[in-house]
Amino acid sequence: MSDMRLIVAGAGGRMGRTLIQAVTAADGAVVAGAVDAPGSAVVGRDAGELAGLGANGVKITTDAAALLADADGLIDFTVPAASVIYAELAAKAGKIHILGTTGFSGENETLIEEAATRAVIVKSGNMSLGVNLLAALVKRVAATLDEDFDIEIFEMHHNKKVDAPSGTALMFGRAAAEGRKVDLAQRSVRGRDGDTGARRKGDIGFASLRGGTVVGDHRVIFAGPAERIELVHKAEDRMIFARGAVHAALWARGKKPGLYSMADVLGLSDV
């Protein structure tokens, strides 16, 4: 089988540059195109040079639709407004969309689900192997321990991150809610401040910190009577997310249209 031809969206950003590095280093994949937002200072530049790899002949453009005509898929860690457009473009072209963007609204989610009826979309709040294994553990522990164990989810990221809680924290929250067989939207508690009263039994709490250059720290705490279980993941380099995204793209090749997750990619969906 020929190498998978992949487009990197948001090529000028930190994650976009890391994705270019990851695709270039991967067996079975090549950088077939790179896109960024209209008006971006990187438009017209060589994607390889921008990623610190040396020239690769791929110029950054703003026209994802034209690039998709000659590619197999697109990897997208951008912003919700751009991602829903990329999802529709991938659906129209019948291409694969690897979606690592976070911070979607309910309306955004609906648009992505509709696009996935016509395209293969792999969507995850975090593409790393370790995080997805940890989410499976969170679900199992939540199912095993009763509501005498309070669930609290802590996350910290760099000072440029714009959404909170992080997509990864929400993924852990959904895993915990699935384990407990409850609706996260009904049991989620965020941003406690002031006289909040006693903690309600069965709630799933979130705490978000922002500062410095932290790539991503997450901790899921099960606090019970006289004992506490903590599941921890610390990301030290964005490359873990990029490698996971490339792995997802290669896995998605030949799959039927649908909305998939990294749990599907890693065979963890039944855990």
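## The seven-stranded sheet

Two strands count as paired here if DSSP finds at least two bridges between them. With that in hand, this predicted model has an open sheet of seven strands, ordered β3-β2-β1-β4-β5-β6-β12, and the pairing is parallel. The edges belong to β3 (60-61) and β12 (258-260); each has a single partner strand, so one side of each is left without a neighbour in the sheet.

Two helices are worth a look against this sheet. α1 packs on it, touching β1, β2 and β4, and the direction of α1 makes about 170° with that of β1. Helix α4 (residues 80-93) lies across β1, β2, β4, β5 and β6, and runs at about 160° to β5.

## Around β1

Strand β1 covers residues 4-9 and is mostly covered itself, with five of its six residues buried. On one pairing, β1 runs parallel to strand β2 (residues 29-35), joined by six bridges; Arg5 has Val30 in β2 as its bridge partner. To get from β1 to β2, the chain goes through helix α1 (residues 14-25), and this β-α-β crossover is right-handed.

β1 also pairs with strand β4 (residues 73-76), again in the parallel sense, over three bridges. Here Ile7 is matched with Leu74 of β4 as its bridge partner.

## The five-stranded sheet

There's another open sheet, with five strands in the order β8-β9-β7-β10-β11 and mixed pairing. At its edges stand β8 (188-190) and β11 (227-235), each with a single partner strand, so one side of each is left without a neighbour in the sheet. From one strand to the next, the twist averages 20°.

Within this sheet, β7 (residues 150-157) and β9 (residues 204-210) run parallel and are joined by seven bridges. Phe154 stands opposite Ala207 in β9. Helix α6 (residues 129-144) packs on the sheet and touches β7, β10 (216-224) and β11, with its direction at about 165° to that of β11.

## Nonpolar cores

The largest nonpolar core holds 38 residues, and Leu19, Val23, Ile75, Phe77 and Ile98 are those with the most contacts inside it. Elements giving two or more residues to this core are β1, α1, β2, α2 (47-50), β5 (96-99), β6 (120-123), α9 (239-252) and α10 (262-265). Of these, α9 gives the most, with eight residues.

Which residues is Phe77 in contact with, leaving aside its neighbours within four places in sequence? They are Met15, Leu19, Gly100, Thr101, Met127, Phe241 and Ala245. Apart from the largest core lies another one of 23 residues, and its members include Val131, Ala142, Ile204 and Leu231.

## One aromatic pair

A pair of aromatic rings is described by the distance of the centres and the angle of the planes. With centres allowed to lie within 6.5 Å, the count comes to one aromatic pair. The rings of Trp251 and Tyr260 have their centres 5.3 Å apart and their planes at 80°. Planes over 60 degrees apart count as edge-to-face, so that is what this pair is.

Is Tyr260 buried or exposed? Buried means under 20% relative accessible area, and Tyr260 comes in at 19% relative accessibility, so it counts as buried.

Conventions:
Residues numbered from 1 in each chain as written. Predicted model: local features only at pLDDT ≥ 70, side-chain atom pairs only at ≥ 80, totals over all residues. Heavy atoms only, no water. Helix = DSSP H or I, 4+ residues; strand = E, 2+ residues; numbered from the N terminus. Axes fitted to C-alpha atoms, helices over the stretch in contact; angles between N-to-C directions. Contact = heavy atoms within 4.5 Å. Buried < 20%, exposed > 50% of the residue type's maximum accessible area, 1.4 Å probe, protein only. Right-handed = clockwise from strand over helix to strand, strands pointing away. Core = buried A, V, L, I, M, F, W, Y, C linked by side-chain atoms within 4.5 Å. Phe/Tyr/Trp six-rings, centres within 6.5 Å; stacked < 30°, edge-to-face > 60°.
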